[in-house]
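Please look through the structure below with the explanation beside it, beginning with how far the coordinates can be trusted and then turning to the strands.

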Amino acid sequence: MNGSPKTGHLRRGLLPAVALAGAPLLQACGPAEVQLEPLSVVDLQVRPASGQRLFCPGDPFQVEVVAKLKDGTTCSSTDRTRGCLDQKDAVIKPEDVRIAGSAGFRGEPAEQFVWIPPTNPLETATGLALKGWLEKMVAGQTTTSMVGESELRPVYQCQNRGWYSGGGYGAHGPDVEVAITTLSTPYYPDAALIRVKAMGGRAYFISPSMDQTVQIFSKGQMGAPGRTGENGEDGENGEDGKDAAVGAAACTPGGDGTNGTDGGPGGPGGDGGDGGDGGPIRIVLDEAAADKVRDRVVTWSPGGDAGPAGPGGQGGRGGRAGAGGQGGLLAPACKETKGKDGKPGRNGRAGVPGRPGQPGRPGPPPEVTTMPRASLFAAEMGVITRIEAAKAKPQ
């Protein structure tokens, strides 16, 4: 796995509370957290909070622990509506709940009870075992409840597509090799194993049945976007009119302001780049089951999207109008002596956009060859043998 995946947008509904041994823990916000006595538990169930004993490799899910007590009531680690010890809105104190799995790890924060199974489906092809129990310290001694266990069946709807595209703008789709063989798992006796090598790495997919195919894409990159056109130059501001001279005769007018000049036009936008062509895909089939596994994979080599056209530059702003100058003193017979204001310049026109690029061309049809299974999956034969030797389980 490449790091720890995020646990999604699970709402955090549990907040710390002051410990009151042996009594319900009330909180100002969220459900009450109840500290149970582990030895009072007579039955304990652990399962996905969805209620379905299913999981998909790499897809986080929330785990629920349900404890049945000696008085016949039950308490949940996540379902606050169930209530606990006469509290209507209550859950088991998160710090007392333990969960474990045969593969994967517990996500953070711990009080959300999220389990993250491995992304590689080969690690859980025989199922995922969950365990849960209650544990707390009493007088310096660790006290634990009975352990609940649950077996989860893998499903693969979240892993039915592999999308490969790399490089910069306009890059061609990467070279992709797809290897396919049969695989009999305890849950899916007619499954197929698909291995994809691309961009220096490898990934595994499982097609559980003929009607659940896996799609593999080698897509060209989008063309580069066109550059934005340059903005037009702003117009020159008009000059203010001159004021009447000090001591000028009454009714001497001020000078007129001059007009602002028009803004310049924006520059044209650049043309978008062409998308890259779809990449080549090579399919290698287990020669002993070529006809059986060929249709488990659907391949696509679409070209990259066209680069969008660059927008034209903004037109320059028109120059400010010059203000009229102040005139001399007004006598009773004088009219307004302030000079006339100039006119503002007009804004320039926006530049024309560029042209979009061309979409990339589809890649070539896949090349299909065959190879003996032992050679084709030499690195995986050990785990394949172990999976196929496992006992069949009900679907």
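The paragraphs that follow take up confidence, then one strand and its partners, and then an open sheet.

This is a predicted model, and the mean pLDDT of the protein is 87, with 91% of its residues reaching 70 or more. Residues 1-28 are another matter, since pLDDT stays under 50 over them, although the model has 57 contacts beyond four places in sequence for this stretch. Where pLDDT is low, the predicted coordinates should not be read in detail.

Strand 5, which spans residues 61-69, is mostly covered, with seven of its nine residues buried. Strand 3 (residues 41-48) runs antiparallel to strand 5 and is joined to it by seven bridges, and here Arg 47 stands opposite Glu 64 of strand 5. Strand 10 (residues 114-116) is likewise antiparallel to strand 5, through two bridges, with Phe 61 standing opposite Trp 115 of strand 10. Strand 6 (residues 74-76) is joined to strand 5 by three bridges, again in the antiparallel sense, and Val 66 stands opposite Ser 76 of strand 6. Strands 5 and 6 form a hairpin with four residues between them, and in its turn Gly 72 has a positive phi of about 90°.

Further along the chain, five strands make up an open sheet in the order 17-16-15-19-21, with mixed pairing. Its edges are strand 17 (201-207) and strand 21 (367-371), each of which pairs on one side only, while neighbouring strands of this sheet are turned by 20° against each other on average, direction ignored. Strand 17 pairs with strand 16 (residues 191-198) in the antiparallel sense over seven bridges, and the bridge partner of Leu 193 in strand 17 is Ile 206.

Methods
Residues numbered from 1 in each chain as written. Predicted model: local features only at pLDDT ≥ 70, side-chain atom pairs only at ≥ 80, totals over all residues. Heavy atoms only, no water. pLDDT = per-residue confidence, 0-100. Contact = heavy atoms within 4.5 Å. Pairing = 2+ DSSP bridges. Axes fitted to C-alpha atoms, helices over the stretch in contact; angles between N-to-C directions. Buried < 20%, exposed > 50% of the residue type's maximum accessible area, 1.4 Å probe, protein only.
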